[in-house]
Each structure stands twice: as C-alpha cells, then as structure tokens.
Amino acid sequence: MTDKFIFRFVAGVTIFVIAVVIVLNRHLIPGPAVPPSFTPYLPLLNAILNGTCSVLLLISLYFIKQGNIIVHKRVNILTFCLSSLFLVSYILFHYLMQHDTPYGDTNGDGLVSPEEKAAVGGLRTLYLSILVPHIILAAGVLPLILLSFYQGLQMQVQKHKKLVRWAFPIWLFVTVSGVVVYLMIKPYYHF
C-alpha cells in the first residue's frame with residue numbers, strides 16, 4: 001500500500017466518522033421511540049473505556065521509553081481496540097438516545113432556565129470550556145491516531161515518532177477530558 005492510498009483511506013474514515021457523529025448528534029436519523037434498557041449504561045461504559053485508554057497510553061509511553069517496542073506495540077493495539085469500541089458505543093448511545101442533556105438541566109426538561117443556570121454558576125462555563133476543546137480535538141486526533149497506528153505497525157519509526165509528538169498528547173487529553181466531561185454531566189442525566 002502506498003502512502004497516498006493510506007492518506008486517502010484515513011481521510012475517508014475520518015470524514016465518515018465525523019459525518020455519522022454529526023448526523024446522530026443532530027438527530028437526523030430517528031432512533032427507537034423507547035431506547036433499549038442498556039442505553040443508560042453506555043455513558044458509564046464510555047467513561048470506563050476512556051479512562052482505561054488514558055492509563056494504557058501512559059503505560060505505552062513508559063514501555064517505549066524503556067525501549068520495549070514489543071510491549072509498546074501490544075499496549076497500543078489494545079488501546080486502539082478499546083478506543084474503537086468506545087467510538088461504536090458513543091455512536092450507538094447517540095443513535096438510541098434521542099435527546100440531549102444540557103449542563104445544569106436539573107428538572108430534566110431539556111432546557112436550562114435562568115434559575116438553573118444561576119444555580120450551577122461558573123461550573124457551566126468550566127464544563128463548556130472542557131467540552132468544546134474535547135469535541136474539537138477528538139475529531140482532529142482521529143486521523144493522527146490512524147496514521148500513527150499504521151506507521152507504528154509498519155515500523156516506519158521516524159514518521160511514527162514525528163506524528164506521535166502531536167497525536168499522543170492530544171489523544172491523552174481527549175481520553176482524560178472525556179472522563180471529566182462524563183463526571184460533570186452525569187448528575188444531569190434523566191434516564
């Protein structure tokens with residue numbers, strides 16, 4: 001496979017994933033009228049997967065710093081698989097759950113009244129200041145992860161190192177901030 005093919009493939013996968021997430025977040029495809037009983041557990045599963053990926057990314061960094069390429073590669077394959085499972089679970093949740101959960105919506109009506117906004121105060125601003133970069137970087141890191149994963153598996157070490165300088169901290173931020181976002185929004189889930 002040529003680099004040109006890999007770049008096109010990664011671009012295609014990235015565009016497809018981002019399009020699916022946007023379509024589902026905007027509820028352009030109707031989900032079931034009544035979500036399956038497992039649906040409320042998906043955000044917790046997503047947080048567990050994100051937290052696990054955070055730890056595995058740090059373990060991977062440790063092993064590559066020790067020069068243990070084999071364990072580094074195995075840990076990254078596991079991290080990639082868990083991140084892929086997260087993506088499937090995230091997409092499934094947004095397909096099944098046909099409403100959004102605004103931060104501060106204490107009564108579950110889907111709106112944040114001035115009283116509710118006043119009650120949460122600056123925490124809403126903090127939440128949004130974590131959520132917005134989390135969303136933007138999650139979309140942006142996908143092609144970096146796919147390319148660095150491919151380069152690592154192909155033992156294109158120099159290309160892999162250059163790309164991972166960017167991919168690693170962004171991916172780590174996305175996984176950690178994903179857990180923080182979950183912990184902050186969890187009290188406002190009404191399902």
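A search of the whole predicted model returned zero disulfides. Cysteine 53 takes part in no such bond, the nearest cysteine sulfur being that of cysteine 81 at 9.7 Å, and a disulfide is assigned only when two cysteine sulfur atoms lie within 2.5 Å, so this pair does not qualify. The surroundings of the two residues were also examined: cysteine 53 is buried, with a relative accessible area of 1%, whereas cysteine 81 is partly exposed, with a relative accessible area of 44%.

Cysteine 81 falls within the residue range of α3, which runs from 69 to 96. For the 28 residues of this helix, a rise of 1.5 Å a residue gives an expected span of 40 Å, and the end C-alpha atoms of α3 are indeed 40 Å apart, so that expectation and model agree. The buried residues of α3 are His72, Val75, Asn76, Thr79, Leu82, Ser83, Phe86, Ser89, Phe93, His94 and Leu96, and the packing partners of these buried residues are α1, α2, α5 and α6. In an α-helix, residues three or four places apart point the same way, because there are 3.6 residues a turn.

The pocket analysis was then considered. The largest pocket has a volume of about 1400 Å³ and is lined by 49 residues, among which Phe86, Tyr90, His94, His134 and Ile135 lie nearest its centre. Two or more lining residues are contributed to this pocket by each of α1 (3-25), α2 (42-65), α3 (69-96), α5 (122-153) and α6 (157-185), with α5 providing the largest share, 12 residues. By class, the lining of the largest pocket comprises 34 nonpolar, 12 polar and three charged residues. Of the residues nearest the centre of this pocket, which include Phe86 and His94, these two are also listed among the buried residues of α3.

The second largest pocket holds about 670 Å³ of space, and its lining consists of 28 residues, of which Ile64, His72, Asn76, His160 and Val164 lie nearest the centre. The elements giving two or more residues to the lining of the second largest pocket are α2, α3, α5 and α6, and the largest share, nine residues, is supplied by α6. The lining of the second largest pocket divides into 16 nonpolar, eight polar and four charged residues. His72 and Asn76, which are among the residues nearest the centre of the second largest pocket, are likewise buried residues of α3.

Notes
Residues numbered from 1 in each chain as written. Predicted model: local features only at pLDDT ≥ 70, side-chain atom pairs only at ≥ 80, totals over all residues. Heavy atoms only, no water. 1 Å grid on protein atoms, 1.4 Å probe; cavity = no way out; pocket = protein on both sides within 12 Å on 5 of 7 lines; lining within 4 Å. Points joined across faces, edges and corners; volume = space filled by probe spheres on them. Helix = DSSP H or I, 4+ residues; strand = E, 2+ residues; numbered from the N terminus. Nonpolar A, V, L, I, M, F, W, Y, C, P; charged D, E, K, R; others polar. Expected span 1.5 Å × (residues − 1). Buried < 20%, exposed > 50% of the residue type's maximum accessible area, 1.4 Å probe, protein only. Contact = heavy atoms within 4.5 Å.
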